[in-house]
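Visitor: Could you show me around this one? I'd like to know what the usual labels rest on.

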Amino acid sequence: MLLGDVQETPVTDWSFVNDVPLCQIQIYAGIIPHAINLNCMATPEGELFLSCSACSTKYWSNHVGQNAPGRLRVNGRVYPVVLNRVQDEAVLDRAWAARVKKLQVYGEETYNPTPSPDAKRPQTWWSFQLRSAV
């Protein structure tokens, strides 16, 4: 269970996640909570996304359904969220661009190679869009 001060008002601008290397996300695999550290990034408009490479092989991602409840922890604060896997190519490209931009600063710190600014999105890369659940 992710612990911390729980945010009880909706968040519409998630830009602050770009100021931390990683976020902690908790999803529910059945009735069991499952938490991991992930790349998180916000677009210039403040949309929040999680990054997932080779995601089809990962335990957590295969337990996220449509409008899946979760919790996100950033800097000791916990945010109730709803997760949805992104399938739309244009939205995936927006999330990818936000990821590339953030990894120019935090790439090596998050054990990710820093991509070139014009890096193309791999077809095996997944992203999840999060929105505030309060």
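Guide: Here are a few labels and the reasoning behind them, and keep in mind that this model is predicted.

Visitor: Why is Asn75 called exposed or buried, whichever it is?

Guide: Exposed means over 50% relative accessible area. Asn75 comes out at 68%, so it counts as exposed. You'll find Asn75 in the loop between β6 and β7.

Visitor: And what about Asn67, how is its label chosen?

Guide: Buried needs a value under 20%, and exposed needs one over 50%. Asn67 has 45%, which falls in between, so Asn67 is partly exposed. Asn67 is in a loop too, the one between β5 and β6.

Visitor: What is the phi of Asn67?

Guide: Phi of Asn67 is near 50 degrees, a positive value in a residue that isn't glycine. For Asn75, phi is also near 50 degrees, again positive and again not in a glycine.

Visitor: Which residues touch the most other members of the largest nonpolar core?

Guide: Those are Trp14, Ile25, Leu50, Leu72 and Leu130, out of 25 residues in that core. Strands β2, β4, β5, β6, β7 and β8 each supply at least two residues of this core. Apart from it lies another core, of 10 residues, including Met41 and Phe49.

Visitor: What makes Leu50 and Leu130 contacts of Ile25?

Guide: Contact means heavy atoms within 4.5 Å, so each of these two has heavy atoms within that distance of Ile25. Leaving aside neighbours within four places in sequence, Ile25 is also in contact with Leu72, Val81 and Leu83, among others.

Methods. Residues numbered from 1 in each chain as written. Predicted model: local features only at pLDDT ≥ 70, side-chain atom pairs only at ≥ 80, totals over all residues. Heavy atoms only, no water. Core = buried A, V, L, I, M, F, W, Y, C linked by side-chain atoms within 4.5 Å. Buried < 20%, exposed > 50% of the residue type's maximum accessible area, 1.4 Å probe, protein only. Helix = DSSP H or I, 4+ residues; strand = E, 2+ residues; numbered from the N terminus.
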